[in-house]
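Here's a quick look at one strand, its neighbours and the metal site it feeds into. Have the model open while you read.

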Amino acid sequence: MPLPASTIDAIAQRLDHAARDARGIRMVSDEHPEMDVADAYAVQDALRRRRLAAGLRLSGFKAGLTSLAKIRQMGVDSPVFGFLTADAAIADGAEIRAAAMIHPRVEAEIGIVTKTPLGSADCGIDEVLAAIDHVVPALEIIDSRYQDFKFDLRNVIADNTSAARYVVGLAPAPVTGLDLAALEVEIEKNGEVVASGNGAAVLGHPAAAVAALARHLHARGERIAAGSFILSGAVAEAIAVQAGDVVVSRVAGLGSVQARFA
Ligand code: OOG
Ligand code: MG
């Protein structure tokens, strides 16, 4: 039995306030052990409705837990999908206030901007590539609203897959002639390389993660609009940060992007 709409809305409000107040909460399933994945996406939808009703603008979507490094780090082995709002976008190199978050971590990702609507029941890599306007190096700042950054599949979905902020690099590249799977990524924290990965680490190809996202949305009666920004998923493990830290992702042949915490 699905959770009642009033319960879904109450959970979304709790998660929204946890993000607003930068205060970790207990997992939703502690109170609602019967919550399943469908309920969790209903909570995420309710959270999206709340934010849009408050005046925020939907800017795109994200796929997550799409690489082995992330699956190992979090112990959750199914891809998850979330939404992005424009207010969460941080300019490359701009200061990000760490205290506004609970326990932020940074992920290096391949960012994708669409030029045509995207989504079909059998969406695959080719359909995604045809819909891409350009790709950019990107960073996602995740911040689980759950204490100790611990969750299972349904809880992380309800929490909009830990989405908090994102930084879009300044060097957009056309996708023509670019092999997204072959892109090599190095992640530096305070000048030292702390992790590395490549496009192939993301479900074999970043566009495969976007295709999975597009199929997920299609199954729920939604499409990715033209001009959307998509985070395809971390290529390596997420890096914990605090005020004073600087994280840079360098994508060979594509450029770099920086997140600076204060
Ligand atoms: C869930 C979100 C993971 C990614 O890129 O793999 C994610 C989490 O690890 O908190 O965004
Ligand atoms: Mg991510």
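## One strand and its partners

In this predicted model, I112 sits opposite I230 of strand β10. That contact belongs to a longer pairing: β5 and β10 (residues 229-234) run antiparallel and share 4 bridges. β10 isn't the whole story, since β5 also pairs with β6 and β11, as the table shows.

| Partner of β5 | Direction | Bridges |
|---|---|---|
| β6 | antiparallel | 10 bridges |
| β10 (residues 229-234) | antiparallel | 4 bridges |
| β11 (residues 239-240) | antiparallel | 2 bridges |

For landmarks, V106 faces I239 in β11, while E109 has A138 as its bridge partner in β6.

So how covered is β5? Mostly: 10 of its 10 residues are buried. In a regular strand, side chains alternate between the two faces of the sheet. Here, R105, E107, E109, G111 and V113 point one way, and V106, A108, I110, I112 and T114 point the other way. Both sets are buried.

Now for the metal. Which residues coordinate the magnesium ion (ligand 2)? E107, E109 and E140 do, each through OE, at 2.0 to 2.1 Å. Along the chain, these donors follow the spacing E-x1-E-x30-E. E109 lies in β5 (residues 105-114) and E140 in β6 (residues 132-142), so this pair ties together parts that are 31 residues apart in sequence. E109 and E140 are both buried, too.

Definitions and conventions. Residues numbered from 1 in each chain as written. Chains lettered and ligands numbered in written order. Predicted model: local features only at pLDDT ≥ 70, side-chain atom pairs only at ≥ 80, totals over all residues. Heavy atoms only, no water. Donors = N, O, S within 2.8 Å, 3.2 Å for Na, K, Ca; no water. Buried < 20%, exposed > 50% of the residue type's maximum accessible area, 1.4 Å probe, protein only. Pairing = 2+ DSSP bridges.
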